[in-house]
Structure formats: C-alpha cells, structure tokens
Amino acid sequence: MAVQREDAGSWLHMLVLVYALSWAFSLGSVAGQTGQLNIDASPQNARKIPDKMFGIFFEEINHAGAGGLWAELVSNRGFEAGGPNTPSNIDPWLIIGNESSIIVGTDRTSYFERNPVALRMEVLCDSKGTNVCPSGGVGIYNPGYWGMNVERRKVYKVALHIRSLDAVSLTVSLASSNGLQKMASHTITGSKKQFAKWTKIEFHLKSNQNNANSRLQLTTSKSGVIWLDQVSVMPLDTYMGHGFRKDLASMLANLKPQFLKFPGGNYAMGNYLRNAFRWSETVGPWEERPGHFNDAWGYWTDDGLGFFEFLQLAEDLGALPVWVVNDGASQNEEVSTTTIASLVKDIVDGIEFARGGPESTWGSVRAAMGHPQPFNLNYVSIGNQECWMLYYRGNYQKFYSAIKAAYPDINVISSCDKSTISPSNPADLYDVHVYTSSSDMFSRTSMFDNTPRSGPKAIISEYAVTGNDAGKGTLVAALAEAAFLVGLERNSDVVEMASCAPLFVNDNDRRWSPDAIVFNSWQSYGCPNYWMLHFFKDSSGATLHPSNIQISGYNQLAASAITWQSSKDKSTYLKIKVVNFGNKAVNLSISVSGLNVGIKSSGSKKTVLTSSGPLDENSFQQPEKVAPLSSPMDNANQQMDVSLGAYSLTSFDLLLEQSKHSSS
Ligand SMILES: *[C@@H]1O[C@H](CO)[C@@H](O)[C@H](O)[C@H]1NC(C)=O
Ligand SMILES: *[C@@H]1O[C@H](CO)[C@@H](O)[C@H](O)[C@H]1NC(C)=O
C-alpha cells in the first residue's frame with residue numbers, strides 16, 4: 001500500500017489505499033518487502049533545522065553527577081550527609097580499629113558556617129605504652145562511590161581540613177579495599193601549635209598501581225584528638241581540567257550536543273522544597289558548600305557539581321546552557337503566588353551569577369571562581385511539567401516578567417502546553433516530556449505533523465521509551481526513539497530542541513532504567529540509544545529535505561534526509577536515515593531528485609545500528625554488541641537500491657561533489 005505514514009482514517013485514506021493496491025498489483029510486486037524512498041533535495045524545498053536542535057539533559061539521578069560525571073572520589077566529604085544534628089551517621093565512612101583503640105563521632109565544630117558538622121576522632125591507643133595501636137594504625141576510610149578508581153602513574157589532589165589537641169602524625173593513603181596494599185601515601189605531621197586551629201592541608205598523591213576498587217584512608221598510631229572536615233580527592237586528569245570524569249564527559253562531547261539542560265526535573269523540584277536544588281548554595285569554594293539531600297532520587301550530594309560547574313560543562317561541550325529553575329514547587333508543596341517574590345528574585349540573581357559583569361554582585365562571585373567572562377545563558381525553563389499545579393500559572397507570570405525585565409533576550413520555557421500560551425500567558429518555548437512504550441514512541445514519529453505552524457515552538461526536553469521492551473536499554477527502544485527523532489527533524493519548523501532522559505546511570509545505584517550511558521567507578525558504555533543519537537549529531541543547523549516512503553503493507557519505516565557540511569574538511573553530505581522498526585528485511589529503492597551537484601561513490605558510506613535480536617542490550621562484558629557499523633557504499637548514486645535489515649537504523653551518507661554555492 002502506497003500510504004504515507006502520516007495517514008488519517010478518512011475517505012482520502014481509502015482512496016489512496018485503493019489506488020495503491022491497484023498500483024502494486026499492476027507491477028506484480030507481491031513477494032518480499034520492497035519499497036520506494038523519494039527525496040527532494042532541491043534547494044527551493046529545503047528548510048534549515050534549528051541550530052540548537054539536539055542537545056542533552058542532565059539530571060542528578062542514578063548518581064549521574066555525585067559518584068559519576070563529577071570526578072570527586074570521596075563521598076560525603078564534609079560529613080554533612082547524616083544531617084546537621086549530631087551525633088550523626090558518617091556513612092559511607094568506616095572505622096579502622098575498634099572501641100578499645102578509637103572513638104569516632106561528629107560534632108558541630110566545623111570551620112565552615114554553612115556546613116557545621118565535622119568529624120571527631122579520639123585515638124586511645126599509641127605507638128607505645130599499655131594500649132599499643134594495631135600495626136598500620138587506626139583511623140577512618142572512605143570507599144568513595146562503590147570503590148575509587150585509582151590509576152597507575154596518575155596524580156590525585158588531596159585536600160583536607162584538620163584541627164588537633166596534640167601534635168599530629170596522620171597518614172593519608174590510597175589503598176586497596178581491604179587496606180592491605182597501598183597505592184600511594186603521605187604523612188601529615190605537625191606540632192600541637194600548628195594544628196590548634198583549623199588548617200587546610202593540600203598535597204598530591206601519585207599512584208603506583210591500578211585499582212578500580214580502592215579507598216582513601218587516614219590512619220595514625222598516636223593517641224590524641226583530631227577533627228577532620230572537607231576531605232577531598234580529585235584526579236588531576238579531568239575533562240579540560242575542570243573536574244569532570246574524562247571518559248564520561250568525552251562520551252557527551254562525542255554527541256556534539258548543542259545544548260545542556262540541567263540540573264534535572266524532579267531533582268530541581270525536590271520531593272520537598274527543603275531539598276530542592278538551590279543554585280546559590282552550590283557556588284563558591286567547594287568546602288563552603290553545604291551539600292544537600294537529593295530526596296527525589298534518594299541520595300546525598302556534596303554539590304561539587306554545582307551551578308557554576310554545570311555552566312562550565314555546557315561551555316566545555318560547546319553547548320548552550322538551559323537552566324531548569326525551581327519555581328516554588330516540589331512534588332508535594334507549592335509556594336503561593338502571594339509569597340513567590342523572594343524565589344523570583346533568587347532566579348534573577350542566578351542569571352546575574354551566570355551573565356552579570358565581573359563587577360556585579362553575583363557576577364563577582366563567578367569571577368572569583370575563575371570565570372570573569374559571562375556564561376552564555378540564554379534559556380531558562382520555569383519548572384518541570386507543573387502546569388497542572390494550583391499556583392503554576394500565577395507564579396510563571398511573575399518569573400516571566402522579572403526575567404524579561406532584567407534580561408529581555410532570555411528564552412523563557414513554559415511547562416504548559418502550546419494551547420495555553422497566549423499574549424497574556426507568554427512563553428518563548430513550551431516543554432514537552434514523552435515517556436512511553438516503543439510501539440507508541442514509534443507512532444509518535446508523526447506527533448507534530450498536525451501541530452499549528454505558528455506560535456511558540458516545542459522543546460522536547462525529556463523523552464524515552466520505558467517499560468518492558470525498554471529493558472536496561474534495548475535496540476528496539478533505540479529504534480523507536482530514532483523514528484521519533486526523525487519525526488522531530490521533519491517537524492523542526494515547530495520543534496526547536498530535543499534531549500533524551502535520563503543520560504547516565506551508575507550501575508551501582510540504578511534508580512531508573514533505561515539510561516543512555518552506563519558506568520561504574522572505572523568503566524562506561526553507551527546503550528543502543530546512545531549510539532542512535534550519533535545518527536543525529538550532524539542534524540542541528542543542517543538542511544532538511546522532504547522525503548517520503550512508499551511501501552505495501554508494512555507500516556514500520558520512518559525516514560528523513562538532510563544535507564550537512566563537515567566542519568573538518570568542509571565536505572557536504574546528503575544524509576538519509578531510515579528506521580526499520582519491524583521484523584522484516586526491506587529492499588528499498590532510493591531516488592534523489594533536485595540535487596544541483598553529483599554524488600561521489602568514493603567517500604560515501606553506510607552506517608547501520610542493529611543486532612540479532614530486538615531486545616539486545618550492551619553491557620560491561622559486551623559494551624559494543626549493539627553499536628554502529630560503517631561500510632563504504634560503492635553504489636552511491638541518485639538512484640540506488642539498498643537493503644534494510646529487520647530492526648535496524650541505517651544512515652546513508654552520500655558525499656556530494658563540491659559546488660560553488662552550498663546546497664542550503
Ligand atoms: C532483496 O533483493 C535481493 C536481491 O537484490 C533478493 O535476493 C531478496 O530476496 C530481496 N528481499 C526482499 C525482502 O524482497
Ligand atoms: C579490638 O581489636 C584488638 C586487635 O587489634 C583486639 O585484641 C581486641 O580484642 C578488640 N577489642 C574489642 C572490644 O573488640
């Protein structure tokens with residue numbers, strides 16, 4: 001049946017059907033799946049895809065940041081995770097020794113006003129006398145986030161704050177998980193006078209071994225009382241030297257994301273407002289940050305990855321930051337419009353932190369952190385799908401007016417749908433989240449086909465296939481999302497931006513499946529949908545061409561065509577992507593019309609994402625079981641017959657001859 005995907009149950013549909021059947025029979029093409037894909041590459045029918053079309057959405061979920069992208073190795077570095085009231089839990093810190101040799105607890109004697117808790121360690125044993133310390137000494141250790149990854153010849157910067165009633169001899173080491181092997185160590189010594197007040201100590205440790213499951217330990221064989229606080233171990237080797245774990249940040253960079261939305265959805269809201277992400281509590285010197293309990297996803301974060309670091313990450317990735325602000329709503333509470341003013345001011349201050357000159361109140365805080373140049377913050381999202389809440393619209397208006405008054409060029413994103421936006425309830429973009437089954441996601445390739453073409457455009461800031469067939473990241477889920485993205489490309493006159501969710505999962509704390517990137521302390525791999533996103537990384541700012549598929553009795557294909565120019569060698573490619581979401585192989589005749597230059601077969605290639613089964617996933621054991629495979633295309637031409645495997649995503653990248661004027 002020569003039916004286009006975007007059909008409707010109508011008379012027209014019936015007519016097309018009858019026509020198509022007669023056409024099919026007249027050609028006698030009854031055996032196998034064969035189809036036709038027509039692409040109109042003529043410049044007059046081309047349309048530019050928005051420059052910021054495909055980006056990423058980072059949420060602090062699944063230990064994505066704390067114990068993930070943020071390279072800090074110590075968990076609960078300030079001993080605040082147990083809460084401000086003491087005595088408190090010091091988890092995941094543990095004690096080396098026992099009650100006859102050491103007593104460890106917390107008190108509120110910290111040097112830092114905003115994070116009052118410090119660790120008090122009373123050592124009862126000594127190197128001589130009646131209570132001799134066990135060999136190796138006694139003390140505390142921190143296993144990090146399910147083991148610290150320490151690498152041979154790499155250097156780690158240690159910082160800690162110490163105070164003592166007596167002279168100090170404290171050995172700081174990176175050790176194996178049982179403490180028996182030491183990868184590196186350094187002994188802090190000093191007189192009673194030297195440590196009578198809180199003192200910051202910093203030094204480097206260079207590891208002599210690889211150990212992905214190591215721990216930090218602080219031990220002594222000297223009796224006395226020592227307080228410790230804000231203990232940090234950072235690898236020196238991080239992405240652009242800015243503290244991001246290199247393998248994970250590189251995986252993001254490889255997607256060429258055009259924007260970075262942060263810090264999350266529910267994470268920005270909190271289950272309760274007292275636990276929401278408050279940007280101003282996450283900036284300034286790391287040791288002064290209070291940290292907070294991420295109640296939405298059930299863990300503590302020291303806020304090493306704070307507002308500044310998110311902005312820095314966006315800059316390092318060449319992406320525009322999109323800040324999701326807390327607008328006075330949590331999962332369980334709402335601030336009423338009559339009392340929202342201070343929260344509105346807080347967000348305007350946050351924009352000043354990002355964009356204000358280095359002499360401005362908040363811009364000066366940013367400058368003191370090493371970034372006098374303003375960050376390029378242009379997008380602010382008011383809340384996380386809260387349009388249904390009682391005070392949302394009233395509060396939204398307050399945020400909108402205050403932000404526009406101070407920063408007229410900022411794009412304000414509404415949580416309400418397009419139909420609610422009007423001159424009296426204005427928005428530059430409206431936010432859409434899509435979580436659904438793979439078959440529904442596939443059908444949403446036409447989701448925006450009938451959207452009114454005028455008015456604000458959509459940002460699809462969260463989308464994912466969820467449920468059984470999504471597993472922990474299956475091929476079929478990736479294919480359904482690919483079809484959805486193909487539909488967004490085709491509708492990029494009404495859709496401005498898109499990002500999947502969630503981005504990361506630490507395999508030791510899986511709060512949500514599936515996720516695009518899986519990691520543990522030392523390994524990482526992309527799920528099929530991570531690889532799928534590579535098929536779209538050249539689309540932002542590219543030129544879209546109309547295309548249509550004709551195929552009988554097989555409604556499982558989705559396709560798009562773009563031309564884009566490589567920034568590396570200035571070559572221009574016609575990129576044709578075809579999703580085959582069904583279980584049948586398809587022979588497809590592709591016909592390209594309207595090109596004003598020729599196609600070069602040398603340099604053209606075909607890239608396929610598929611696997612032997614639709615539910616196949618990647619794993620630490622087989623990280624690239626489902627990953628793109630490229631091969632040269634010797635039949636690249638304006639007319640060509642290609643084959644599509646069942647359950648596959650194929651990209652045909654046709655190298656175009658150089659022309660004097662570009663094809664866009
Ligand atoms: C596709 O074409 C090849 C030959 O070019 C043929 O062997 C195969 O049967 C065809 N497959 C289908 C599904 O029509
Ligand atoms: C503490 O550990 C020592 C060995 O270092 C052992 O001799 C002693 O019995 C232990 N005491 C308690 C109370 O467990």
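Ligand 2 is surrounded by Asn98, Glu99, Ser100 and Pro134, a residue being counted as near a molecule or strand if its C-beta atom, placed from the backbone, lies within 6 Å of it. This shell comprises one nonpolar, two polar and one charged residue; Ala, Val, Leu, Ile, Met, Phe, Trp, Tyr, Cys and Pro count as nonpolar, Asp, Glu, Lys and Arg as charged, and the others, Gly among them, as polar. The model is predicted, with local features requiring pLDDT of at least 70 and side-chain atom pairs counted only at pLDDT 80 or more, whereas totals for chains, interfaces and linings use all residues. Residues are numbered from 1 along each chain as its sequence is written, while chains are lettered from A and ligands numbered from 1 in the order in which they are written.

The chain is assigned domain 1 (32–49 + 542–656), domain 2 (56–70 + 238–244 + 255–525) and domain 3 (94–235), with bounds that come from an automatic or database domain assignment. Between domain 2 and domain 3, 14 residues of the former are in contact with 15 residues of the latter, contact meaning that the C-beta atoms of two residues, placed from the backbone, lie within 7 Å. On the side of domain 2 that touches domain 3, three residues are nonpolar, nine polar and two charged. The centres of domain 2 and domain 3, taken over C-alpha atoms, are separated by 37 Å.

An open sheet of eight strands follows the order β3-β15-β18-β19-β20-β21-β22-β23, with parallel pairing. Strands (E, at least two residues) and helices (H or I, at least four residues) are DSSP runs numbered from the N terminus, and two strands pair if DSSP finds at least two bridges between them. Because β3 (56–57) and β23 (495–498) each have a single partner strand, one side of each is left without a neighbour in the sheet.

Strand β18 (residues 320–325) is largely enclosed by the rest of the structure, because six of its six residues are buried. A residue is buried if 20 or more other C-beta atoms lie within 10 Å of its own, exposed if 12 or fewer, and partly exposed in between, with C-beta atoms placed from the backbone. Leu320, Val322 and Val324 point one way from β18, and Pro321, Trp323 and Val325 the other way. Strand β15 (residues 259–262) runs parallel to β18 and is joined to it by four bridges; Leu320 is the bridge partner of Phe259, and Trp323 stands opposite Phe262. Four bridges also pair β18 with strand β19 (residues 379–382) in the parallel sense, where Tyr379 stands opposite Val322.

The largest nonpolar core contains 149 residues, of which Leu260, Leu479, Ala480, Ala482, Ala483 and Val579 touch the most other members. Such a core is a set of buried Ala, Val, Leu, Ile, Met, Phe, Trp, Tyr and Cys residues joined through C-beta atoms within 7 Å. Helix α9 (residues 475–490) gives the most to this core, with twelve residues, and at least three residues are drawn from each of domain 1 and domain 2. Leu260 touches, among others, Ile56, Phe58, Pro321 and Val322, residues up to four places away in sequence not being counted. A second, separate core of 40 residues includes Met148, Leu160, Val168 and Ala175.

Tyr435 lies in strand β21 (residues 429–436) and counts as partly exposed, with 14 C-beta neighbours inside 10 Å. Tyr435 touches Ala464 and Thr466, again not counting residues up to four places away in sequence.
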